[in-house]
Amino acid sequence: METKKKVFTTAPLPFMGQKRKFLKQFKPALLGYSPTATYVDLFGGSGLLSHTVKAIYPDAHVVYNDFDNYRERLQNIDKTNQLISDLRVILKNYVKDGRILGAIRDQVMERICTEEKTGYVDYITLSSSILFSMKYALSFEQMEKETLYNCIRQSGYDATGYLDGLEVVSQCYKELFAKYKDLPNVVFLVDPPYLSTDAGTYKSYWKLRDYLDVLQVLYGTKYFYFTSNKSSIIELCEWIETKTPMSNPFTGSTTATMNATVNYNASYTDIMLYKNE
Ligand SMILES: C[S@@+](CC[C@H](N)C(=O)[O-])C[C@H]1O[C@@H](n2cnc3c(N)ncnc32)[C@H](O)[C@@H]1O
């Protein structure tokens, strides 16, 4: 007897920026696309969009670009479950959401240290169990500096079948796009990192130029593109459209920059552009 495949509505392990809340609108929109197309998830992140496409269209060719090596976290899910289960034992008499202090904190850090030396530590998942909501430590050293809280999950994580049927690749979206851009019946899923945010747990920092570069994958292709009103990208494109031919108001100007310090660990760059004609 064939067992029914589990369809995930959320990424199996925590992932910042996953499109969980968009699935409700993504799924019906997808029905307007071909069930046998090639879907290329250029900014795959947790793979949730790829997984959803494959669940809805089992005959589609779905390419998940795992730029962050999320699959390594999935492959080590048993070790993560064991680590969290051991922490649960250490914290069994501890008040929920309470600060973890003293000898108990030492025991928690010791258990993580052992895992760090002999096994595998998924710091993102661990962070969601022992750090304040939305805080992430990505290494043992960072974790040591944080205040720990007992927000440990009571059940284990499960990713069975999550990546089934997907072609998993890992490369810059530009290379992947180049490979598929001239092939027939291709749909691109385009969900780049947020603009100018310290992209948190992601690998890189995204500037306006990077963000604008991505728009090039949208010309003449079939796509799903995700952004937020914070980026103002749609407003910018509409403005450019109505003002063409457009010239850059800064052409011929000179740029001067100055570092401004906010406090001991935060600074930004002030920019002055000037032109005398
Ligand atoms: C907003 S997230 C995508 C979230 C994803 N749609 C999901 O539901 O989980 C953007 C992803 O793009 C990745 N990324 C950053 N630079 C990239 C690049 N040059 N090529 C491909 N992916 C990149 C980030 O590391 C991050 O995983």
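**Note on the predicted model**

1. Among contacts in the protein chain between residues at least 6 apart in sequence, 62% join residues that are at least 24 apart. This figure, like the others in this note, is drawn from a predicted model.

2. The secondary structure of the protein chain amounts to 10 helices and nine strands, and of the 277 residues in the protein chain, buried residues account for 25%.

3. Helix H1, which covers residues 23-30, packs with helix H2, covering residues 48-56, at an angle of about 45 degrees, and the two axes lie 11 Å apart. Since angles from 65 to 115 degrees would count as roughly perpendicular and those under 35 as roughly parallel, H1 and H2 are therefore oblique to each other. The crossing that H1 and H2 make is right-handed.

4. As to the residues that form this contact, H1 contributes Leu23, Phe26, Lys27 and Leu30, which meet Leu49, Thr52, Val53 and Ile56 of H2. By character, the residues of the contact of H1 with H2 comprise six nonpolar, one polar and one charged.

5. A separate point concerns Met109, a residue found in helix H5, which spans residues 102-118. Is Met109 to be regarded as buried or exposed? Met109 has 17 other C-beta atoms within 10 Å, and because a residue is buried at 20 or more such atoms and exposed at 12 or fewer, Met109 is partly exposed.

6. Met109 may also be considered together with Met143: the two are 34 residues apart along the chain, and their C-alpha atoms are separated by 8.5 Å in the model.

Technical notes
Residues numbered from 1 in each chain as written. Predicted model: local features only at pLDDT ≥ 70, side-chain atom pairs only at ≥ 80, totals over all residues. Helix = DSSP H or I, 4+ residues; strand = E, 2+ residues; numbered from the N terminus. Contact = placed C-beta atoms within 7 Å. Axes fitted to C-alpha atoms, helices over the stretch in contact; angles between N-to-C directions. Parallel < 35°, antiparallel > 145°, perpendicular 65-115°, else oblique. Left-handed = near helix turned anticlockwise from the far one by under 90°. Nonpolar A, V, L, I, M, F, W, Y, C, P; charged D, E, K, R; others polar.
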